[in-house]
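I opened this notebook to record, point by point, what I looked up in the structure shown below. The entries follow the order in which I went through it.

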Protein chains: 2
Amino acid sequence: MKYDTRKDQIIQTSAILFQKKGFSAVTMRDIAKAMGIKAASLYNHIKSKQEILSEIIISLAEQFTEQMKIIKNSNDSSIDKLKQIVALHVNITSKNQFEMSSLNSDWMHLEAELEYYLKLRKNYENDFRSIIEKGIQDNELINGNPEVMLFSMLSTLRSLYIWLPKKEDLDIGKFTTELSLVLINGINK
Amino acid sequence: MKYDTRKDQIIQTSAILFQKKGFSAVTMRDIAKAMGIKAASLYNHIKSKQEILSEIIISLAEQFTEQMKIIKNSNDSSIDKLKQIVALHVNITSKNQFEMSSLNSDWMHLEAELEYYLKLRKNYENDFRSIIEKGIQDNELINGNPEVMLFSMLSTLRSLYIWLPKKEDLDIGKFTTELSLVLINGINK
DNA sequence: AACTAAAACTAACAAGTGTTAGTTTAATAT
DNA sequence: ATATTAAACTAACACTTGTTAGTTTTAGTT
């Protein structure tokens with residue numbers, strides 16, 4: 001099993017609740033109740049509600065940043081890099097379903113680390129865009145609007161947390177392949 | 001200009017605030033302040049905070065339902081129907097940027113009308129899926145996983161409210177064409 | 001000028017908010 | 001058995017929440 005501190009359990013429980021109602025609508029008493037303790041007891045393990053949110057979001061954002069760096073610096077073709085980005089999103093999302101919901105919906109409630117998060121996100125998008133632009137230059141991709149391509153792919157990848165859980169016994173590898181196909185080659189015959 | 005009742009102004013102002021922080025984090029005092037009045041005064045025009053949310057979301061959901069009905073019942077090819085769905089989303093989103101944010105992020109805070117909203121959404125997705133399945137049968141679309149195709153298109157279309165505002169002087173028609181191209185034909189050369 | 005109706009106001013409510021202080025219990029190490 | 005520490009508890013705080021009641025102001029009509 002995992003090495004699970006009590007703090008980790010609080011964060012995990014919080015993420016589940018955050019997905020259902022969003023950060024603002026979840027109270028410390030809600031979180032405590034879900035763990036079978038009183039709200040005040042939470043503070044033996046965490047500093048604040050804000051810290052819970054921050055741990056969830058920043059940890060995920062840094063994972064994406066780290067993996068993007070590897071993809072970016074590889075010598076693969078642009079198409080292959082895009083496929084690796086798809087796989088990256090599917091993998092992280094399948095392992096962090098609830099947390100991904102906060103990453104997508106609750107980031108604006110970050111306080112101290114909001115700026116840092118926005119920086120990571122902007123850098124990620126820039127790296128993504130560069131890969132697309134390189135693909136166009138190298139004649140791998142159609143000569144279309146890179147902004148629209150980025151938007152389309154990233155929107156889909158960021159919504160994975162909504163759809164992945166609906167497919168119970170999902171073959172992650174197969175799904176990744178199918179999704180890459182649709183995102184890159186479209187659906188037209 | 002528009003026929004704008006005071007109630008409409010409240011709803012519009014609320015939608016702007018809801019986009020920034022989400023329904024739960026916006027207080028009646030926030031809304032009042034943005035309108036230059038006191039919170040209690042809002043209740044001369046609306047019944048509750050819940051009513052504001054409901055007006056925003058149900059009105060939009062019904063617009064989508066209504067238009068989907070027209071597309072569904074037309075005699076156009078599946079590809080053309082899909083293009084019309086893309087146009088539908090771009091049009092409604094470009095005219096209701098803030099409201100679309102609530103539709104996507106705050107629907108779970110609906111109370112009395114939650115069930116009704118979920119029904120509308122489910123029906124919409126089913127109609128969308130049927131069009132894709134028909135396209136596969138008729139050999140218009142690749143013989144892929146229709147669920148993945150639906151997911152990919154719908155995720156992108158539902159995220160439009162995040163991206164459209166970033167492009168200030170956007171040619172809506174051109175954007176619709178570009179987006180349809182990417183969603184249907186992909187980005188591969 | 002007097003009347004009316006819409007829309008603002010002040011004041012307050014009961015309930016809920018995140019968080020702190022101080023205390024007790026449970027589990028572990030000596 | 002005793003001391004120690006982690007983790008729970010109770011009680012309370014200062015503040016914010018949506019909302020109501022009752023009143024005053026504003027603007028348009030007779």
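**Entry 1: a methionine in chain A.** In which helix of chain A does M68(A) lie? I found M68(A) in helix α4 of chain A, which runs over residues 49-73. I keep in mind throughout that this is a predicted model. I then asked whether M68(A) is buried or exposed. M68(A) has a relative accessible area of 0% and is therefore counted as buried. Leaving aside neighbours within four places in sequence, I listed the residues that M68(A) contacts, namely I85(A), L88(A), Y124(A), D127(A), F128(A) and I131(A). I also looked up the separation of the C-alpha atoms of M68(A) and Q84(A), which is 9.1 Å for two residues that stand 16 residues apart along the chain.

**Entry 2: helix α6 of chain B.** I turned to helix α6 of chain B, residues 97-105, and noted that E99(B), M100(B), S101(B), S102(B) and L103(B) are buried there. What covers these buried residues of α6(B)? The cover includes α1 (6-21), α4 (49-73), α5 (78-95), α7 and α9 (160-163), which belong to chain B.

**Entry 3: a positive phi in each chain.** Going through the backbone angles, I noted that N139(A), although not a glycine, has a positive phi of about 65°. N139(A) sits in the loop that joins α7 (114-137) to α8 (146-158) in chain A, and with a relative accessible area of 49% it is classed as partly exposed. In chain B I looked up N139(B), which is likewise not a glycine and has a positive phi of about 65°; N139(B) is in the loop between α7 (114-137) and α8 (146-158) of chain B.

**Entry 4: the contact between the chains.** How many residues of chain B are in contact with chain A? I noted 40 residues of chain B in contact with 40 residues of chain A. The area buried between the two chains is about 3,600 Å², and carbon and sulfur atoms give 66% of it. Of the area that chain B buries against chain A, F151(B), W163(B) and I187(B) supply 23%, which is more than any other three residues.

I then picked S155(A), which has its place in helix α8 of chain A. At 4% relative accessibility S155(A) counts as buried, and, not counting residues up to four places away in sequence, it touches S155(B), T156(B), S159(B) and W163(B). The side chain of S155(A) also reaches the backbone oxygen of F151(A), at 2.7 Å.

**Entry 5: DNA strand C.** Which residues come closest to DNA strand C? Of the 16 residues that surround this strand, the closest are T27(A), Y43(A), R6(B), K38(B) and N44(B). Sugar and phosphate make up 58% of the atoms of DNA strand C that come within 4 Å of the protein. For individual contacts, I noted a polar side-chain atom of N44(B) at 2.4 Å from a base nitrogen of DNA strand C, and a side-chain N or O atom of H45(B) at 2.7 Å from a phosphate oxygen of that strand. From chain A, a backbone N or O atom of K49(A) lies 2.8 Å from a phosphate oxygen of DNA strand C. The elements that give two or more residues to the surface near DNA strand C are α2 (28-35) of chain A and α3 (39-42) of chain B. By class, that surface has six nonpolar, five polar and five charged residues.

**Entry 6: DNA strand D.** Around DNA strand D I again looked for the nearest residues, and of 16 residues these are R6(A), K38(A), N44(A), T27(B) and Y43(B). Sugar or phosphate accounts for 57% of the atoms of DNA strand D within 4 Å of the protein, and bases for the rest. A backbone N or O atom of K38(A) is 2.5 Å from a phosphate oxygen of DNA strand D, while S41(A) places a polar side-chain atom 3.0 Å from a phosphate oxygen of this strand. From chain B, a polar backbone atom of V26(B) lies 3.4 Å from a phosphate oxygen of DNA strand D. At least two residues of the surface near DNA strand D come from each of α3 (39-42) of chain A and α2 (28-35) of chain B.

**Entry 7: the annotated region.** Lastly I consulted the unreviewed UniProt entry, where the annotation "DNA-binding region" covers residues 27-46 of chain A. Over these residues the chain is 60% helix and 0% strand, with the end C-alpha atoms 14 Å apart.

Notes: Residues numbered from 1 in each chain as written. Chains lettered and ligands numbered in written order. Predicted model: local features only at pLDDT ≥ 70, side-chain atom pairs only at ≥ 80, totals over all residues. Heavy atoms only, no water. Near = heavy atom within 4 Å. Polar contact = N/O pair within 3.5 Å; in protein donor to acceptor, adjacent residues only side chain to side chain. Helix = DSSP H or I, 4+ residues; strand = E, 2+ residues; numbered from the N terminus. Nonpolar A, V, L, I, M, F, W, Y, C, P; charged D, E, K, R; others polar. UniProt positions renumbered as here; feature names shortened; annotations may be inferred. Buried < 20%, exposed > 50% of the residue type's maximum accessible area, 1.4 Å probe, protein only. Contact = heavy atoms within 4.5 Å. Buried area = accessible area lost by both parts, 1.4 Å probe.
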